[in-house]
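Me: I'm new to this one and would like to go through it slowly. Could you show it to me before I start asking things?
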Amino acid sequence: MTMAGNLRKVTGRVGGLRKVARLARRRVRVDLSHPARSPLGSAVVNCVTYQDGVQAAGDDLLDSVRRVRRSGDGFVWLGLHEPTDVEFAGIAELFDLHPLAVEDAVEAHQRPKVERYGETLFAVFKTVCYVEHEELTATSEVVNTGEIMVFVGREFVITVRHGRHGSLGPLREELESDPQQLAKGPSAVLHAVADHVVDEYLNVADAVQADIEQVETDVFAENGARVDPGRIYQLKRELLELKRAVVPLGRPLLDLADRPMRVVDPEIQAYFRDVSDHLLRATEQIAAFDELLNSILQAHLAQVTVAQNEDMRKITAWAAVIAVPTMVCGVYGMNFDHMPELHWRYGYGLVIGVISVACLVLYRGFRRNGWL
């Protein structure tokens, strides 16, 4: 089937898409961190055509795609936020996206990866953000994750975002301020998204470091044994979530930097090496945090053990002191007639004195040895 015939078929099956796309081509700049899915009332966040790195005028999505394919110049950038199967079906057919990639983009909860489906590149990035909190508790959420999927073809780039954070509006504006970079095509957008995501990894890692330092300070304080170990475990759980987002991205970035791909401009590959270096820094930082938390946890457990041993020594020492009068009183409480000094006038005072001296000697001995 010719390209024109394919477009006629798509036009007939996705007539409803034209209305949404007509709205999408308008430049709407809002903060998408709020619960609303899109300022357009649909999954479409933005749709813009670029030629020579500059935004070009366009009627709607279908007309823009026709013009780009006919001229062979420029590309279309379509941004989506949590689309449904129905909303994404027409777009998938329009750009001839592979069903497996479409399923991953709609369902989300994917592992970071880069896959090639014919002439289309499909990349998955896990986004992270730091959750502000006044005080770290055993149930505090520290790291929140989302996803950005990117479809890259010769004449289009489609970004699909999941989660309340990770808005690409500021990134789009930054790219538009550098037409020379944007003129390199859809792969320039792919690099910008990867760079944006990895930079956020470093920002979140720095914020988590502050929490770790606070826990470390509390553990090694005077009453460190009383620190709730749940706080340490919670940090380890949140750090594990961050690790799951960062570490698997290492191999895909190396592939983008080293393996020749038709849809990736050779000049852009050098930029992916820089992103890979930043990711390596974030990975090493997270690994160091994990080891530090293990050390903090072991130190806390050691402090608890020492505190328990000190308590047991005090209890044992006082038990030994109390054992003296208990033993003497127990002997004299047997009520025998023939016992030492039983009928002597000063016998009671003598026994009390012996008990007091014995207790004092034991107390001073334990005190000198640090038991009391």
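Me: Which helix is Asp-290 found in?
Reply: Asp-290 is found in helix H11, and please keep in mind that the model we are looking at is a predicted one.

Me: Is Asp-290 buried, partly exposed or exposed?
Reply: Its relative accessibility is 23%, and because buried means under 20% and exposed means over 50%, Asp-290 counts as partly exposed.

Me: And what does Asp-290 touch, leaving out residues up to four places away in sequence?
Reply: With those left out, Asp-290 touches Lys-236 and Leu-239. Leu-239 is 51 residues away from Asp-290 along the chain, and yet the C-alpha atoms of these two residues are separated by 7.3 Å.

Me: Let's stay with H11. How does H11 pack with H12?
Reply: Helix H11, which covers residues 266-332, packs with helix H12, residues 347-368, at an angle of about 165°, and their axes are 9 Å apart. An angle over 145 degrees counts as roughly antiparallel, and H11 and H12 are therefore roughly antiparallel to each other. The crossing of these two helices, H11 and H12, is right-handed.

Me: Which residues make that contact between H11 and H12?
Reply: On the H11 side the contact is made by Ala-317, Trp-318, Ala-320, Val-321, Val-324, Pro-325, Val-328 and Tyr-332, while H12 brings Val-351, Ile-355, Ala-358, Cys-359, Leu-362, Tyr-363 and Phe-366. Sorted by class, the residues of this contact are 15 nonpolar, no polar and no charged.

Me: What about H8 and H11, at what angle do they cross?
Reply: The axes of helix H8, residues 186-219, and H11 cross at roughly 15° and come within 9 Å. That angle makes H8 roughly parallel to H11. H8 passes H11 in a left-handed crossing, and the contact of H8 with H11 has 20 nonpolar, seven polar and five charged residues.

Me: New topic, helix H4. Which of its residues are buried?
Reply: In H4, which runs over residues 85-94, the buried residues are Phe-88, Gly-90, Ile-91, Ala-92 and Leu-94. Glu-87 is also found in H4, but at 28% relative accessibility Glu-87 counts as partly exposed. Measuring from C-alpha to C-alpha in the model, Glu-87 and Val-106 are 9.7 Å apart in space, with their positions 19 residues apart in sequence.

Me: What follows H4?
Reply: H4 is followed by Asp-96, whose phi is positive, near 55°. Most residues other than glycine have a negative phi, which is why a positive value is worth pointing out. Asp-96 lies in the loop between H4 and helix H5, residues 99-107, and at 63% relative accessibility Asp-96 counts as exposed.

Me: And Ala-108, what is its phi?
Reply: Phi of Ala-108 is near 65°, again a positive value in a residue other than glycine. Ala-108 has its place in the loop between H5 and strand S4, residues 113-117, and with 8% relative accessibility Ala-108 counts as buried.

Me: Let's finish with the whole chain. How many helices and strands does it have?
Reply: The protein chain has 12 helices and seven strands, and 44% of its 372 residues count as buried. The chain exposes about 19,800 Å², of which carbon and sulfur atoms supply 54%.

Me: What share of the contacts with a separation of 6 or more comes from residues 24 or more positions apart?
Reply: Residues 24 or more positions apart account for 67% of those contacts in the protein chain.

Definitions and conventions: Residues are numbered from 1 along each chain as its sequence is written. This is a predicted model: local features need pLDDT of at least 70, side-chain atom pairs count only at pLDDT 80 or more; totals for chains, interfaces and linings use all residues. Side-chain values use heavy atoms; hydrogens and water are left out. Axes are lines fitted to C-alpha atoms, for helices over the stretch in contact, and angles run from 0 to 180 degrees between N-to-C directions. Helices (H or I, at least four residues) and strands (E, at least two) are DSSP runs, numbered from the N terminus. Angles under 35 degrees count as roughly parallel, over 145 as roughly antiparallel, 65 to 115 as roughly perpendicular and the rest as oblique. A crossing is left-handed if the near helix is turned anticlockwise from the far one by less than a right angle, and right-handed if clockwise. Contact means heavy atoms within 4.5 Å. Ala, Val, Leu, Ile, Met, Phe, Trp, Tyr, Cys and Pro count as nonpolar, Asp, Glu, Lys and Arg as charged, and the others, Gly among them, as polar. Buried means under 20% relative accessible area, exposed over 50%, partly exposed in between (1.4 Å probe, protein chains only). Accessible areas come from the Shrake-Rupley method with a 1.4 Å probe; for residues, only the protein chains shown count as cover.
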